[in-house]
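User: Could you take a close look at one pairing of strands in this model and walk me through what surrounds it? After that, carry on into the charge pairs, a helix and the main pocket, and keep it casual.

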Amino acid sequence: MLRFLRALTPPLLLLALLGSAFADSFHSRGAALWVNGVPVMQFKAASGSLDASMRASLVAAALDGLPTNRGSVSVKKEGLDVLVMVGDVSVITVTGADASKAGTSAMALAEKWASNLRQALQLPPLKLSVSELEVPVGAVRNVRIVGSKSDEAQLSVNGNQYVEARRTPDGMQIRALRAGMASVVVSSGGLTQPLNVTIRPFAAEFPQSMSAEVVGIPAAGSSVKGALACTLRTQLQGRRGVKFSYQLPPTGQLGTGDVRTYNIRVRAEAPDTFPNYGMVTLKVKNLPVSRRPDAELWYSNSPEVVTQARPLFSATLRTDQPARLLYHHINAATQPMYIRVQVVNSSDDPAKVVVVPGDSKPDRNPVRAGLEAADQYFRAWMIGSGEVVVIPPHATLPISLRRLNPGETSSGLCGLRLLEGPESLLVRTDSWPPFEIDAAWRAAIESSTPWREVGCPPINDFDRAPYEISEHVYPNPHKSEEMSYEVGGRYSYCRIGQRAIIRQDQGSQLDGNFGVIYNIKASLQNPTSEATDVEVVFEASAGYSGGLFFLNGSVIRTPLLQPKEEMRIARYRLAPGGTRRLDITTLPVSGSSYPATITIRPVQTDTALNDLGRGMRTVKH
C-alpha cells in the first residue's frame, strides 16, 4: 500500500492522509518515526515529492493500518530496492539517498531500521528504561517511558522532598533535591511501573577557592610547590572519608609581594557519594616580610645517642624571634623507635609560622644524614625561602617524624619564625617506641615535610607529655671571618668550627659550632708580573666530613671526605696586578668532624685533588 501511495498518490490525497489520526503506538515527530514511545527510523533524505517528515508520517500510517497480528519484521531486496517488511507488507523502501546520508549501505540501514522496529513492536504496553536510579544532589536525569500506553502515562512522587518529577516528550525528568530515597510511580490504562530513586551527594562541592603564603627573596619554586601541596591537603573540603587526587602544576620562583593563581583540576571520592571532578583556584602570595637573622640556635643533640623513649629537647618560639633548630639523634636501642619534632600551639588563637625545612631520611651513616638535611635547609635559607603554615588553636605542626631502625640517625636543620598569633609556642623533640599509625602518617614518616601530608592535627596525650626547657640554646648563631691572600705570600687559612659560640646561660659552649652560619669575606691580590691560578680548598681537618658552601651564586656540596682529604671548591685566574673579592657562606654540618679548614693558595697539581675538583673551571679576572 505504502509503495503504491509513494508512487501514485496525488498531493491532495496525500495531505488528507497526513491529516488522518494515527494510533498512539505509531506516530512521527518531524522526520523521525516513533513506535511505542521509541525512535525507530530517522529520515534525512526526501523521496520523490515527499520530504523526510512526510515519509515518516506515511510509515506511521502504514503501520497503523496493519492488523494486530502484524507478523515478523524482515528485510527484502527487490531489484535495486531494499524493503523493510512487516509480514508480507512493505512499510518503507530504503533509498540510496537514505544510505548516503547515514554513511552506510542501503542493506545495512534497512537491517538497522528493521531491528529497531522489531524491538519496539515487542515492547509491553508500559515500560521504563530503568527501574532503579541513583542521582547526585542537584543533578537532573531523564528516564524514557515506552510502550503503547506511554503517551497517556501519569506520574506520582513518593518523597517529593527528595525529588521532583515531570513529563517530557520522551518520558520523564527527575531532579534530585536532597540526599535520601524516593519513588516515582508511572501509571497508564490501569498499568503501573515504579522507579526507585536514591539521591546521594557528590563527594565534594566545586569550585573551591583557597590561598597560601610563602616568604623569600624570592620564594623558591620548592617552597611554592610545598605551599600548594600543604594547602590542598589541609583545606580541600569534602564529605566524610573523602579522598582527593590531583596533579600539582609546575611552579617557579615567586618574587616578594607577588601573587600567582593556580587552577587545579581535582577528583573527589568518598563512601556513599558520587565521585566528581572540579576546579580549585589557589592563590599563592609571597609575603613582603623583612628578613631577620636567626636570634637563636637550638641544639637538639644531647643526648646524641638515644637508647629509650624520652623527651630530648624543648624550647620556646617567640613572636618575630626567628630560631634555627638543629636535631641529630642516633637510635642505639635494640628495637625501632620514632624521633618526632613538632611545634605545639596550646593557645586559643591560630599561629602563623614560617618554616624553612631541612630533614633527611634515616641513615646508618650520620655524616650523610647531616649533610642531606643541611643541604635542603641551606639552599632555602640563602634566599630566606619558606612556607607559611597556620597552626590552629590546640593543634601541632609536625616538623619531622622518622622511624629509626637500630643504628640509624635522624638529622634535621630547619628555620622557624612566629609571625602572628600567641606570644609563644612550644617546640619539642621526643623519642617514642614504635606504635601503629594510619595511612596518612605512613606517608608523613617518609616525607621531609610531614605537615604537607597530615596538616596540623589536634593536640593529643603524646603532645602533653612532661618536658623541661632545654639549656642548649645559643644566641646569635652567626660568625663573620676574613681571609686575605697575596700571590707569592703565605697561604690564607680559615678554621670553621674553631672558636665555639657560648650558650645562652654562659654555662657551656658549642664545640664545633654545628649549625652556625659563617660569612667569610676573602680578598685575593696578585702583585706579580705573571698571571696566576688561585684555588679555594676545603679540608676535612678533624675527620670524616662533608661540606656545603655558597660561592659564585650557587651552592657547592662536597662528597663525603676522609680525614685530611681536600676538595677544591673554586679556582680563579688573577691577572698581573689583579685583585678579587669573594663572599663565602658555609656552616658546620651535623655528624661531620669539625674544625675544618678553608685554604686559599696557588693551584696545586696533586692528582687526588684534581680528581675531586673535576668540573671546576678557571675563572678569569
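Analyst: Start with R167: its bridge partner in β12 is M172. Keep in mind that this is a predicted model. R167 belongs to β11, which covers 163–167, and β12 takes in residues 171–176. Between the two strands there are 5 bridges, and they run antiparallel. Zoom out and you get an open sheet of 4 strands, ordered β7-β9-β12-β11, again with antiparallel pairing. That puts β11 on one edge and β7 (127–128) on the other, each pairing on one side only.

Now for the charge pairs. Side chains of opposite charge can pair when their charged atoms come close. The count here is 31 salt bridges. Take E134 and R200, whose closest N and O atoms sit 3.0 Å apart. They tie together distant parts of the chain, since E134 is in strand β8 (residues 132–136) and R200 is in strand β14 (residues 191–200), 66 residues apart. Neither end is buried, because buried needs under 20% relative accessible area: E134 comes out at 43%, so partly exposed, and R200 at 24% is partly exposed too.

K352 and E420 make another such pair, at 4.0 Å from N to O. This one also links distant parts of the chain: K352 lies in strand β24 (residues 351–356) and E420 in strand β27 (residues 409–420), with their positions 68 residues apart. Here the two ends fall in separate classes: K352, with a relative accessible area of 16%, is buried, whereas E420 is partly exposed at 46%.

Then there's R601 with E535, a salt bridge at 2.9 Å, N to O. R601 sits in strand β38 (residues 596–602) and E535 in strand β33 (residues 532–539), so this pair joins distant parts of the chain, 66 residues apart. Both R601 and E535 are buried. Besides the pairs, R340, R428, D430 and D463 are joined into one network by salt bridges that share partners.

On to a helix. α3 runs over residues 52–64, which is 13 residues. At 1.5 Å a residue you'd expect it to span 18 Å, and its end C-alpha atoms are 19 Å apart, so the geometry agrees. Its N-terminal end is capped by D51, with a side-chain oxygen 3.2 Å from the backbone nitrogen of S53. Plenty of α3 is tucked away: the buried residues are A52, R55, A56, S57, L58, V59, A60, A62 and L63.

Last stop, the largest pocket. It holds about 1100 Å³ of space. There are 41 residues lining the largest pocket, and L232, R233, T234, E453 and G455 lie nearest its centre. As for which elements build the wall, β15 (208–215), α6 (221–235), β16 (243–245), β25 (386–391), α8 (439–445) and α9 (451–454) each put in at least two residues. The top contributor to that lining is α6, with 8 residues.

Note on methods. Residues are numbered from 1 along each chain as its sequence is written. This is a predicted model: local features need pLDDT of at least 70, side-chain atom pairs count only at pLDDT 80 or more; totals for chains, interfaces and linings use all residues. Side-chain values use heavy atoms; hydrogens and water are left out. A salt bridge is a side-chain nitrogen of Lys or Arg within 4 Å of a carboxyl oxygen of Asp or Glu. Buried means under 20% relative accessible area, exposed over 50%, partly exposed in between (1.4 Å probe, protein chains only). The expected span of a helix is 1.5 Å times one less than its number of residues. A polar contact is a pair of N or O atoms within 3.5 Å; within protein, one must be able to donate a hydrogen and the other to accept it, and residues adjacent in sequence count only if both atoms are side-chain atoms. Two strands pair if DSSP finds at least two bridges between them. On a 1 Å grid over the protein atoms alone, a cavity is a set of points where a 1.4 Å probe fits but cannot get out, and a pocket is an open set with protein on both sides within 12 Å along at least five of seven lines; lining residues have an atom within 4 Å of a point. Grid points are joined across faces, edges and corners, and a volume is the space filled by probe spheres set on the points.
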